[in-house]
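Here are a few exercises to try with the model open beside you. Have a go at each one before you read its solution.

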Amino acid sequence: MALSDLSAEDKQTIIEHLEALRSSLIIGATAIIIAAIFCFYYSEQILAVITLPLRSLNESLIVTGVTEAFFVKLKLSFYCGFVLAFPIVVWALWRFLKPALYPSERKYVYIFIPLAVGLFTVGVLFAYFGILRLVLNFFIYIAGENLDTMFKVDQYVSFVLAFTIPFGLVFELPVVVFFLSKLGIVRYEAMARNRKYALLVIVVLAAALTPGPDPISQMLMAGPVYLLYEISIWVSKFAKPRKVRVEPDEVGD
C-alpha cells in the first residue's frame, strides 16, 4: 500500500510514531554523548583498570602512533559512556515500544530487562576478573622465551572489549532460552538430551583457553558457563509456549 492511499488519520498516526522514535533516538544519543564526555575526563583511570590484568603479569603497553593514545581513550570513553547511559537508552526505547505492548507482555519486560542487564554485567565481570588474566598468560606462555612480548595499546584494548562483551552475551542464555521457549523454537527435552554435548564443548573451550594442565582454572572457567546451561534447561521447562489464538471463523472452516 502506497503512502498516498492512506487516510489522513493513518498518516497522522505514522507521523506521530516517527516523531516518538526520533525523540527516543535523540534522548538515547544525547545520554551516550554526555556520558562519554564524562568518561573521557576519567579516561586515564579507566585505562588503568583495563590494563590491570596485563600489568599484573609484569607486561607493559606501547604506543606506536602519534594519535593512537587519543583514539584509544576516545574509544574507551564511548564504550564506557554507552554502559553508563544504558539505563537511559533502555528507558528511551521502552518509552517508544510501551504503547504497542499488551499489559501481559509488559509484565515480562519489567522482569527480564533488569535481569538481562544484571546477567550481562555479571558475564563481563566474570570474563574480566576470572578469565582474562588466564588468557593473557596463555598467549605470553605461547610466545616463549625467545620472543619479547610488546603489546600495542590499541590492539590490547580492542582485544579486551572483544573478549569480555561476548561473555556478557553468553550470560544472557537463560533470558534468550525463555523467549525462544515461549515461541516454541527451543524445547526442554532437546536441551536436556543434548546436555552432554554442551558440557563437552564447554570443557574443550575451557581447556583450550587455560595455559598448561591446570584443572582448577579449567573448572573455574567451565563451571559457571555449564551452570547457566542447566539453569536454561529449567527455564525452558517452565516457560510454556505461547498459545495461538484461533478465530471462530477458522474453526468453522
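**Exercise 1.** Start with the outside: how much accessible surface does the protein have, and what share of it belongs to carbon and sulfur atoms?

*Solution.* Keep in mind that you're looking at a predicted model. Its accessible surface comes to about 16800 Å². Carbon and sulfur atoms hold 69% of that. As for the inside, 32% of the 253 residues are buried.

**Exercise 2.** Walk the chain and work out how many helices and strands there are, and in what order the elements run.

*Solution.* Count first: you should get 11 helices and two strands. Then read from the N terminus: α-α-α-β-α-α-β-α-α-α-α-α-α. Now check the contacts with a separation of 6 or more: 83% of them join residues 24 or more positions apart.

**Exercise 3.** Find the residues that form a nonpolar patch with F38 on the surface.

*Solution.* Begin at F38 itself, in helix 1 (residues 8-41). Its relative accessible area is 48%, so F38 counts as partly exposed, and the cut-off for exposed is over 50%. Next, pick up its partners: Y41, Y42 and L84. Together the four have about 480 Å² of accessible area.

**Exercise 4.** Which residues of helix 7 (residues 173-182) are buried, and why do they line one face of the helix?

*Solution.* List the buried ones: P174, V175, V177, F178 and S181. Then look down the axis of helix 7: these residues fall within an arc of 165°, so they line one face. Finally, step just past the end of helix 7, where G184 takes a positive phi of about 80°.

Conventions. Residues numbered from 1 in each chain as written. Predicted model: local features only at pLDDT ≥ 70, side-chain atom pairs only at ≥ 80, totals over all residues. Heavy atoms only, no water. Helix = DSSP H or I, 4+ residues; strand = E, 2+ residues; numbered from the N terminus. Buried < 20%, exposed > 50% of the residue type's maximum accessible area, 1.4 Å probe, protein only. Contact = heavy atoms within 4.5 Å. Areas by Shrake-Rupley, 256 points an atom, 1.4 Å probe, with all protein chains shown as cover. Patch = residues over 30% accessible without salt bridge, like charges linked within 9 Å, V, L, I, M, F, W, Y side chains within 5 Å. Salt bridge = Lys/Arg side-chain N within 4 Å of Asp/Glu carboxyl O. Arc of directions from axis to C-beta.
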